[in-house]
Amino acid sequence: MVPVSYIVKSSQKISHFLHRHEPPVMAWEVSILQKEPDVLTVCKPPSVPVHPCGQYRKNTIVGILQAEYGLAPLFPVHRLDRLVSGLLILARNASKADLFRQQIEAGKVQKQYVAKVIGVFPEGEQVVDVNINYDARAGRSTAEVGDSCGDTPLKGKAACTKFTRISTNGTHSIVLCKPITGRTHQIRVHLQYTGHPIANDMLYLSEPVSDCATQGMSADRSAACSGHSLTSITHENFLDKDETSSEEFRIDPMCTNCPNLAPKGYDVHEEGLWLHCVRYSGPGWGYECPYPDWASNA
């Protein structure tokens with residue numbers, strides 16, 4: 001139960017409890033990389049959103065850091081998709097966050113990711129300069145190819161990504177990705193455009209996309225299944241004794257999730273994308289994150 005309060009007048013307040021089921025996230029540690037007076041960097045695990053959004057409130061990077069380390073307030077400098085892992089920079093005060101924002105908007109920040117893609121990625125630097133159009137209803141982006149000066153103007157936003165192959169085993173390749181712009185799913189869409197999509201990105205691996213779309217699943221919810229353990233603010237965590245007789249949890253007859261408890265539209269098992277943020281750098285500063293295990297398997 002989550003308390004919600006409304007202040008009617010200076011001397012009056014109305015409160016009620018909101019019944020909420022929070023989606024599960026992988027039970028992986030949020031490891032702190034660097035802790036400075038104004039900046040905190042962590043290695044974000046996949047499946048955990050950066051900040052409260054949608055049905056997520058406590059199972060977020062900001063929420064976990066506050067609950068487990070007492071770190072607050074925190075201001076995320078950049079975003080990572082929920083299923084993406086790697087370096088996350090958080091400012092520890094508003095003025096530092098604003099400084100980062102100004103540098104990002106001025107194009108002074110360089111970003112590097114690694115991805116594991118299908119096939120043998122070409123040698124040498126590959127530059128993809130193709131517009132990206134994000135469809136919020138479908139929860140996915142598409143690359144737009146065409147002439148912006150033609151009869152039908154392009155709807156998407158300009159986007160550019162540079163790719164360099166690090167290694168390959170003939171089946172998969174590890175690719176260094178340097179996004180110049182920051183569009184939704186930019187790296188994922190541009191890799192798909194090259195013909196080498198991320199190897200476990202079910203949203204951009206052609207046929208499974210239509211199935212996910214018809215089920216009303218968002219981009220992050222369409223990841224492939226695996227056996228990783230999940231943790232969530234659900235029935236398993238709420239009840240330690242008799243699951244049917246505990247007085248700490250009561251089934252709400254008005255709740256569409258009770259008595260199933262797990263939020264609808266989310267896979268019970270999922271794995272993170274093979275896309276990992278490894279470095280952010282700007283004028284006079286730079287932060288890095290170790291490579292993931294899967295990056296050494298190709």
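**Aromatic pairs**

I looked up the aromatic pairs in this predicted model, and the count came to three, taking ring centres within 6.5 Å as the rule. I started with Phe 121 and Phe 163, which form an edge-to-face pair at 6.0 Å centre to centre, with 65° between the planes. I then asked which parts of the chain this pair ties together. Phe 121 lies in the loop between strand 8 (110–118) and strand 9 (126–129), and Phe 163 is in strand 12 (residues 160–168), so the pair links parts that are 42 residues apart in sequence.

I checked whether each ring was buried or exposed. Phe 121 has a relative accessible area of 1% and is buried. Phe 163 is buried too, with 0% relative accessibility.

Next I took Trp 285 and Tyr 287, an aromatic pair with 5.7 Å between centres and 35° between planes. I noted this pair as tilted, because an angle that is neither under 30 degrees nor over 60 falls in that class. Trp 285 has 17% relative accessibility and counts as buried, since the limit for buried is under 20%. Tyr 287, at 7%, is likewise buried.

I also found that Trp 285 and Tyr 287 belong to one aromatic cluster with Phe 100.

**Charges over rings**

I stayed with Phe 100 and looked for a charge over its ring. The charged end of Lys 96 sits there, 5.4 Å from the ring centre. I recorded another case at Trp 274, where Lys 116 lies over the face of the ring at 4.6 Å from the ring centre.

**Thr 60**

I placed Thr 60 in the loop between strand 5 (39–44) and helix 1 (61–69). Its relative accessible area is 0%, and I entered Thr 60 as buried. What does the side chain of Thr 60 have at 2.9 Å from one of its polar atoms? I found the backbone nitrogen of Gly 63 at that distance.

I then listed the residues that Thr 60 touches, leaving out those up to four places away in sequence. They are Val 48, Pro 49, Val 50, His 51 and Pro 52.

**Glu 271**

My last entry is Glu 271, in the loop between helix 5 (235–238) and strand 15 (275–282). Glu 271 has a relative accessible area of 18%. I counted Glu 271 as buried, because the cut-off is under 20%. I looked up its separation from Pro 46, which is 225 residues away along the chain. The C-alpha atoms of Glu 271 and Pro 46 are 7.4 Å apart.

Notes: Residues numbered from 1 in each chain as written. Predicted model: local features only at pLDDT ≥ 70, side-chain atom pairs only at ≥ 80, totals over all residues. Heavy atoms only, no water. Helix = DSSP H or I, 4+ residues; strand = E, 2+ residues; numbered from the N terminus. Buried < 20%, exposed > 50% of the residue type's maximum accessible area, 1.4 Å probe, protein only. Lys NZ or Arg CZ within 6 Å of the ring centre and 35° of its normal. Polar contact = N/O pair within 3.5 Å; in protein donor to acceptor, adjacent residues only side chain to side chain. Contact = heavy atoms within 4.5 Å.
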